[in-house]
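Reader: I am new to reading structures. Please pick a single part of this one and take me through it closely, with whatever packs around it.

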Amino acid sequence: AGASSIACALHRGGSSVTPRAPSSVPIAPSRICTFISGRSLATDRKRGSCYAPLVDARTQTSFIAALLCFALAASVLLRTRRQRDRWLFGILATNTGLWYVSTFMLGVVGRVPFWERFNLICGVLLPLSAVRFFGVFAPWETGRTRFLNRASVVAAVVLLGMMLTPFYDHAVVVGGLLLYATVFLALALGYLYKFGFETDSR
């Protein structure tokens, strides 16, 4: 382009034109975005920025929550006196931390089948460990609490079996998981609340 402009100027008798140094070729934004986030620019434009997967507030919150859960689990499990309630609390905190880790990974890498299954499996184990932990604080065991423990195990086994099938992300399976978590957590907390009124204070 510079040589053609000089030839035109000399042909027309105009003043000489000083050719400019060729400008540096800019790096394609798509390459930068792909290098940083592992995604193409076309995908990231839908989110507004190629840095969107790294600065998403929900993703960062999940990562911080996972660190807090693991810290709580470690602080309890590393104590000298390891009682049953502390072991169950450590398991509950670890399950919660793993669920937050899977949520964080889903926010970073997107809907990957492995992390989707792992997230749902942690969602199944979380109410199960919570029922066991809350049952420790009950002063005595009744027929209802035994039924609650057995029913939670049976429901967890059925849901875990569904997670291993190709229909793990079906609306019925996800809805069953949500119903399972809501019902068993509510029953465990309800029994604990009831026992609190029936137990004499010391």
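Author: **A run of packed helices**

Read along the sequence, the chain goes α-α-α-α-α-α-α-α-α. That makes nine helices and zero strands. Keep in mind that this is a predicted model. The chain has 202 residues, and 28% of them count as buried. Now take the contacts between residues with a separation of 6 or more. Of these, 62% join residues 24 or more positions apart.

The part to look at is helix α6, which covers residues 84-109. Start with its length. Helix α6 has 26 residues. From the first C-alpha to the last, α6 reaches 37 Å. At 1.5 Å a residue, 38 Å would be expected, and the span is close to that.

Next, look at what α6 hides. Its buried residues include Leu88, Leu92 and Ala93. Three glycines are on the list too: Gly90, Gly97 and Gly107. The others are Asn95, Thr96, Ser102 and Thr103. Then follow the chain past the end of the helix. Just after α6, Gly110 takes a positive phi of about 90°.

Now bring in the partners. Two packed helices are described by the angle between their axes and the distance between the axes. Watch for both in each pair.

Helix α5 comes before α6 and covers residues 57-77. The two pack at an angle of about 160°, with their axes 8 Å apart. An angle over 145 degrees counts as roughly antiparallel. So α5 and α6 are roughly antiparallel to each other. Their crossing is left-handed. By class, the contact of α5 with α6 has 17 nonpolar residues, eight polar and one charged.

One residue on α5 is worth a stop. Thr61 is found in this helix. Is Thr61 buried or exposed? Its relative accessibility is 51%, so Thr61 counts as exposed. Thr103 lies 42 residues away from Thr61 along the chain. Yet the C-alpha atoms of Thr61 and Thr103 are separated by 9.8 Å. Thr103 itself is on the buried list of α6.

The other partner is helix α7, residues 113-136. The axes of α6 and α7 come within 8 Å and cross at roughly 160°. These two helices are therefore roughly antiparallel as well. Their crossing is left-handed. The residues of the contact of α6 with α7 divide into 17 nonpolar, seven polar and four charged.

Go one step further, to helix α8, residues 143-163. The axes of α7 and α8 come within 10 Å and cross at roughly 175°. Once more, the two helices are therefore roughly antiparallel to each other. Which residues of α7 take part in the contact with α8? They are Arg117, Leu120, Ile121, Val124, Leu125, Leu128, Val131 and Arg132. On the side of α8, they meet Leu148, Asn149, Ser152, Val153, Ala156, Leu159, Leu160 and Met163. By class, this contact has 12 nonpolar, two polar and two charged residues.

Zoom in on Val131, one of the α7 residues in that contact. With 2% relative accessibility, Val131 counts as buried. Set aside its neighbours within four places in sequence. Val131 is then in contact with Leu148, Asn149, Ser152, Phe184 and Ala188. Take Ser152 from that group. It is 21 residues from Val131 along the chain, and their C-alpha atoms are separated by 7.9 Å.

Last, step past α8 into the loop that leads to helix α9, residues 171-198. Pro166 is found in this loop. Why does Pro166 count as exposed? Because its relative accessibility is 65%, and exposed means over 50%. Pro166 and Pro113 are 53 residues apart along the chain. The C-alpha atoms of this pair are separated by 9.9 Å.

Put the pieces side by side. Helix α6 is roughly antiparallel to α5. Helix α6 is also roughly antiparallel to α7. Helix α7, in turn, is roughly antiparallel to α8. Trace those four helices in the model, one after another.

Notes
Residues numbered from 1 in each chain as written. Predicted model: local features only at pLDDT ≥ 70, side-chain atom pairs only at ≥ 80, totals over all residues. Heavy atoms only, no water. Axes fitted to C-alpha atoms, helices over the stretch in contact; angles between N-to-C directions. Parallel < 35°, antiparallel > 145°, perpendicular 65-115°, else oblique. Left-handed = near helix turned anticlockwise from the far one by under 90°. Nonpolar A, V, L, I, M, F, W, Y, C, P; charged D, E, K, R; others polar. Buried < 20%, exposed > 50% of the residue type's maximum accessible area, 1.4 Å probe, protein only. Contact = heavy atoms within 4.5 Å. Expected span 1.5 Å × (residues − 1).
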